[in-house]
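Hi,

Here is the structure I said I would pass on. Have a look at it first, and then read my notes on what turned up.

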Amino acid sequence: MTVRDALNSAIDEEMSADPKVFLMGEEVGEYQGAYKITKGLLEKYGPDRVLDTPITEAGFTGIGVGAAYHGLKPIVEFMTFNFSMQAIDHIINSAAKSNYMSAGQISVPIVFRGPNGAAAGVGAQHSQCYAPWFASCPGLKVLAPYSSEDARGLMKAAIRDPDPVVFLENELLYGESFPVSAEVLDSSFCLPIGKAKIEREGKDVTITAFSKMVGYALKAAEILSKEGISAEVINLRSIRPLDRATINNSVRKTNRLVTVEEGFPQHGIGAEICASVVEDSFEYLDAAIERIAGADVPMPYAANLERLAVPQVEDIVRAAKRTCYRSSSLAATA
Amino acid sequence: MASLLRNSGKITTTAGLIARPGFQGGRGFGLSSFSLFFSSPRRFQTTESESRVDSHCYDDEISQKFSVLGGKVPYTSGMRFTSELPEEKVPCYRVLDNNGQLIDSRNFAGISKEIAMKMYTDMVKLNTMDTIFYEAQRQGRISFYVTTTGEEAINIASAAALKIDDFIVPQYREPGILLWRGFTPQDFANQCFSNKFDDGKGRQMPVHYGSKKLNYFTVASTIASQLPHAVGAAYSLKMDGKDACVVGYFGDGGSSEGDFHAALNFAAVLEAPVIFLCRNNGWAISTPASDQFRSDGVVVKGQAYGVRSIRVDGNDALAMYSAVRSAREMAITEQKPILIEAVTYRVGHHTTSDDSTRYRPLEEIEWWQMARNPLTLYRKWLESNGWWNDEAEAELRSNSRKELLKAIQVAEKIEKPPVGDMFTDVYDAVPSNLFEQEKLLQQTVTRYPQDYPSDVPVRAVPSS
């Protein structure tokens, strides 16, 4: 099942089960969704529940929050999360904080979804990863699926959750197909929020990743296994709350850690994971933690430059080897 | 100085809405200067009616069908720019003259004595609360306060015209609606003192009231962000087919925010039953309305978005009552948004952190306090009906004052919320990391009580 179909079926099933769930966003209705994620939903549920909005992220996000205040369950689509910056006041100050500021009187069961991070050749203003921005704010939950199973299970969990959820998809994963079990296809399937998944077990080094980078990490693990390094790959699934327990248990087993993300390095997800492991499992580390992230530049457009600006499988392999003392650290060679 | 929209003598007594005439260009203004470039026959032509000069024609049926603008658009060969300002400002609806008499009794639908009386007593209570709480802030007993002085009629009369099922989405200068609906002086005081009986669990600054029970969304500090919320909530009411609407309040300053434009535009497109009520009080902290926008106030912006609108004298309680009643009717039966611009004046300072005499003349403040004081004006009308007198006034003022002073004294002494309340409501259920943090904090406070304030009770947070 492709990730696109997984998302579409999850949204469809939840809309069918609960009449309070509705969709809002630019091009989600008549156009079937900018990336076809909401295909067929307008025909099925009508314009009352699938709203094509005017071009105002601030506007429709605020309206979604208002509808959520009053008991509906909106799913707000951002064509990409880069555009969510137009609406970030409503995401942070209206959605994330309202339950707290109103002392539980106003809850916001809203889902913000859309593609996040780099795609292919879309340039600086369409390629940023917003996971660190949203994951730093209490009151929000932040999810990042990788596979179709993740997409289905986490989307359903997000829609059912009474708190505001930021759901970070990836444009390049939409078309990728993953095997799914009958359990996943069942309409009651749901994944817990806050639990990471160990995609591949290993004993020499832990590699954490989310979204598209999980695929790269798995490829890297395959290459490493041929060189005698057994890597454990953790698919984070949930950025906030971060599954610190699973990550730390893994590091205590392997004693080495490589964090992988596509976004900018400073104040990124890897930074938070590093801090968590240093706080909880310091004595277990046999090597410094390696942090793989995108280049600290706005995303260039030219294909050769873009390739250099995002992590590649080789970067992950080299980092893992460095933690295993198979090659000297970058600083030592400077 | 403050180029505040003063009622320029144009008073109308129509009780219903006044549709803004579709204004087309500066007839006496633009064309006459245009004509200077042409020979006399041309100039003569400009004073004739438009049809001679332009011969309006409409598209044929096929063009109309595919028209981007929808429907018939007249075409003209005369190039004319719509003026930036209408020839005449939009008239301001008022019901009472300066002596508190009905200007045109035929056009006022009427009000029951019970509601009329409650309106006045609540206006007085609101005014008294402002005086006393402001003083309390000055005495250092509360940290902050926002008065509603001068805008009592907007607060109370609009609340009186609505029903309890109508959702209120306030800015921060509308506590009168809560007062009308049953929030007690003690409730107000508890929030301002953020004690343990505060419905807000001590999480917000004073005046950030909220009440789910009274259908009043908790005040947030962000300006105009509540307007798209109002539209979303109205959409929810529309989906449920409820006999209720949402009322979103905001000020002249708030109308500059992007959210205002998105909200009005969207409400019209979604056909949402929402009333946008602008308290144009002339000032946004120290920014006068003339620096806020260059349009004829806020009312004209309604038509720009396809929203029916009206300008009302915000200091005239009966006009406010009447306009909001009608607006509510229209919003619900026709399922569309309505914009009301209530013209008034912010007699008090922006907040207790402001001293408005630094940027506006004292004479201006005093003029508004005397000239169209909402309480005095309305009181005159009540007295002319034989429903009020000086004794009743003195008694009401004295009782209100006592009640409010007592509320403050009581609120001051009540304990603050327990430490455990800091960690709840971040999410629906308390997550494990917060549960642990609270436990740790509790242990620390218990172990080192001398380092912590004595009025902060410690209590365990329920586990998720």
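A quick definition before the loops come up: helices and strands here are DSSP runs, H or I of at least four residues for a helix and E of at least two for a strand, numbered from the N terminus. Also keep in mind that this is a predicted model.

With that in place, start at R237(A), which sits in the loop between β9 (231-235) and β10 of chain A. R237(A) is not a glycine, yet its phi is positive, at about 60°. A little further along there is a cis peptide bond between R240(A) and P241(A), with omega at about 0°. P241(A) belongs to the loop that runs between β10 (238-240) and α9 of chain A.

That brings us to α9 itself. Helix α9 (residues 244-254) of chain A and helix α10 (residues 269-281) of chain A have axes that come within 10 Å, crossing at roughly 65°. The crossing of α9(A) past α10(A) is right-handed. On the α9(A) side the contact uses R244(A), I247(A), N248(A), V251(A) and R252(A), while α10(A) brings in residues including E272(A), I273(A), S276(A) and D280(A). Sorted by class, this α9(A)–α10(A) contact comes to four nonpolar, three polar and five charged residues.

Now for the interface. What do chain A and chain B bury between them? About 3,100 Å², with 64% of it on carbon and sulfur atoms. H70(A), Y100(A) and Q105(A) are the chain A residues that lose the most area to chain B, together 25% of what that side buries. In terms of contacts, 40 residues of chain A meet 35 residues of chain B. There are zero salt bridges between chain A and chain B, but 15 residue pairs are in polar contact, both partners being at pLDDT 80 or more. On the chain A side, α3 (57-69) and α4 (88-101) each supply at least two residues, and α3(A) gives the most, with nine. The chain A residues touching chain B split into 19 nonpolar, 14 polar and seven charged.

Salt bridges do turn up elsewhere: the structure has 47 over all chains. One of interest is D18(A) with K73(A), whose closest N and O atoms are 3.1 Å apart. D18(A) is in the loop between α1 (3-17) and β1 (21-25) of chain A and K73(A) is in strand β3 (residues 73-77) of chain A, so this pair ties together parts 55 residues apart in sequence.

Cheers

Conventions. Residues numbered from 1 in each chain as written. Chains lettered and ligands numbered in written order. Predicted model: local features only at pLDDT ≥ 70, side-chain atom pairs only at ≥ 80, totals over all residues. Heavy atoms only, no water. Axes fitted to C-alpha atoms, helices over the stretch in contact; angles between N-to-C directions. Left-handed = near helix turned anticlockwise from the far one by under 90°. Contact = heavy atoms within 4.5 Å. Nonpolar A, V, L, I, M, F, W, Y, C, P; charged D, E, K, R; others polar. Buried area = accessible area lost by both parts, 1.4 Å probe. Salt bridge = Lys/Arg side-chain N within 4 Å of Asp/Glu carboxyl O. Polar contact = N/O pair within 3.5 Å; in protein donor to acceptor, adjacent residues only side chain to side chain.
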